[in-house]
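Q: Please take me through one part of this structure slowly, starting from any space enclosed inside it. Then work outward to what lies around it. Short sentences, please; I am in my first year.

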Amino acid sequence: FQNAANNRENLQRRLKRADEAEALLHQKIAEAQERESRAQSRLTAIKNAIAELSQAINAIRERLDEKSRALAAQVKLAQSIELERSTTRSKHATLKKMEDNFEWYKDGVKAVMKRAKEGSDGRTLAGIVGLVADVIEPEASAATAVEAALGESLQYVIVDDQQAGLAAIGYLQQQSAGRSGFIPVAALHDTAAGSTERPDPSKLLLQHVVVKPGFEPIAQALLGNVVLTETLAEALALFNQNGKIQTIVTRNGDVVSPRGFLIGGSKDASSGILAKKHELRELERQGKALEQKLESARLEQRSIEAEFRHLDVELQKLIEQKNQGRENEIEAEKAIYKAAEELKGLRRQLEITQLEQEQLLGESSDLDDEMSKTERALSGIAAEVEAAQKVVAEGSNRITDLSAGLQEVNQKVVNH
């Protein structure tokens, strides 16, 4: 019985340890589940972040594609503008060189103007102011009419005075360099007709001409009695009205002189000085406009390039973040796998502990049954011992009584 009691105490200690182990395992399992839950939440957050990064990357790539197309178009535009500017510059340079070399003028005019430009070595012609063509600027639609009205006088050289003109003529004669007309500014006479004979001012060709300041008297002397009409028929109708001293010119360059002479036909191949000067000014204007346009196009190109570089840098950063996210995703998956494996191990340990508890509880139950049987057996033995002790006690009492009776008998025998 004592051995069973010792076994029972040992089982109680083992059950206590098993209960403590089970409680500890439950705690560890809860902690492992918490770690697994956190790892799963982190993995979900990482995947969501990767998905957002992927969307952002796709959006930036679309914007990069747009910027790439825009940049290609802008580069093409800048190149086309630059080519147009180069062509314009080339045409302007060619015409400017022709103008500087007086290639549009007669030999005498060219010789005088070149001599006037040769420098300050004492061999230049003094008093040369410029050319008639340089001091008037007609509207583009009136250039042909002005050239027709002026004729050869368009190439006249403007000089300070008569002495300058004489010196220039002398130079041409000496050099056999040709002929030229000269307009001395200081010796102009007003030969205009009286006010009643002058043309209607509103119809004058001068209304369509811009004159360089200071040269208005020369323009008036040359074009003050020139009237502009649209057609030759209109010019003839105006001339036939009589009463006016005037030259009538059409926009196409047909002329009716004050005496009624008719001058017309196709344009002279050698003419067009004013048209060339107009073209030169237009090319200069176009050149400046193209320069500004090209600068704007290049600024826009640089702006697009800067945006493209910025987007590319942003794209690279997002790709790096996504790659880092992929690494974090792998680490999170490893953490989940580790937590899951740890849970499996802990649950196996819990199962083993619970099995051990069941086994110990079974042994404890068997031991309790055995001890119950032993206690019942001991109770029976104790009852038997008690009954035997009672019988012995009764026998002892009888023996005592018999001994007392025997002594009484013996005493009686002795007495008799």
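A: Start with the naming. Helices (H or I, at least four residues) and strands (E, at least two) are DSSP runs, numbered from the N terminus. With that, names such as α3 and α6 can be used freely. Keep in mind that this is a predicted model.

Now the space inside. Rolling a probe the size of a water molecule over the atoms shows where empty space is left. Here, the structure holds one cavity of 30 Å³ or more. The largest cavity has a volume of about 30 Å³.

Which residues line the largest cavity? They are Val132, Val135, Ile136, Leu150, Phe215, Ile218, Ala219, Leu222 and Leu223. Two helices, α3 (132-135) and α6 (216-223), each give at least two residues to that lining. The largest share, four residues, comes from α6. Sort the lining by class and you get nine nonpolar residues, no polar ones and no charged ones.

Follow one lining residue, Leu150, into its own helix. Leu150 belongs to α4 (residues 143-150), where it is buried along with Ala143, Ala145, Val146 and Glu147. Note Glu147: its class is charged, yet it is buried. After α4 comes glycine 151, which has a positive phi near 60°.

Next, step out to the strands. Strands of a sheet pair through backbone hydrogen bonds, either parallel or antiparallel. In this model, three strands make an open sheet with mixed pairing, ordered β1-β3-β4. The strands β1 (128-131) and β4 (182-184) are at the edges, each with a single partner strand, so one side of each has no neighbour in the sheet. From one strand to the next, the twist averages 25°.

Zoom in on β1. It runs antiparallel to β3 (residues 157-159), and three bridges join the two. Glycine 130 is opposite isoleucine 158, a residue of β3. Helix α5 (residues 162-175) packs on this sheet, touching β1, β3 and β4. The direction of α5 makes about 160° with that of β4.

Where does α5 meet its loops? On one side is the loop between β3 and α5, the place of aspartate 161. Aspartate 161 has a relative accessible area of 32%, so it counts as partly exposed. Setting aside neighbours within four places in sequence, aspartate 161 is in contact with Pro184 and Ala186.

On the other side is the loop between α5 and β4. Serine 176 sits there, and so does serine 180. Are these serines buried or exposed? Serine 176 is exposed, with a relative accessible area of 67%. Serine 180 is buried, because its relative accessibility is 16% and the cut-off for buried is under 20%. Leaving out residues up to four places away in sequence, serine 180 touches Gly108, Val109, Gln155, Val157 and Leu172. Val157 is one of the residues in the range of β3, and Leu172 falls in the range of α5.

Backbone angles deserve a look too. Most residues other than glycine have a negative phi, and most peptide bonds are trans. Serine 176 is not a glycine, but its phi is positive, near 50°. Phenylalanine 102 is not a glycine either, and its phi is positive at about 55°. Phenylalanine 102 is in the loop between α1 (2-100) and α2 (107-117). It counts as buried, at 7% relative accessibility.

There is one more pair of strands to see. Strand β6 (residues 226-229) runs parallel to β7 (residues 247-250), and four bridges join them. Valine 227 has isoleucine 248 of β7 as its bridge partner. Side by side along β6, Val226 and Leu228 point one way, while Val227 and Thr229 point the other way. All four of these residues are buried.

Last, step back for distance. Glutamate 62 lies in helix α1. Glutamate 62 counts as exposed, at 51% relative accessibility. From its C-alpha to that of asparagine 252 is 59 Å, with their positions 190 residues apart along the chain. Now return to aspartate 161, beside α5. Its C-alpha is 93 Å from that of asparagine 48, and the two are 113 residues apart in sequence.

Key: Residues numbered from 1 in each chain as written. Predicted model: local features only at pLDDT ≥ 70, side-chain atom pairs only at ≥ 80, totals over all residues. Heavy atoms only, no water. Pairing = 2+ DSSP bridges. Axes fitted to C-alpha atoms, helices over the stretch in contact; angles between N-to-C directions. Contact = heavy atoms within 4.5 Å. 1 Å grid on protein atoms, 1.4 Å probe; cavity = no way out; pocket = protein on both sides within 12 Å on 5 of 7 lines; lining within 4 Å. Points joined across faces, edges and corners; volume = space filled by probe spheres on them. Buried < 20%, exposed > 50% of the residue type's maximum accessible area, 1.4 Å probe, protein only.
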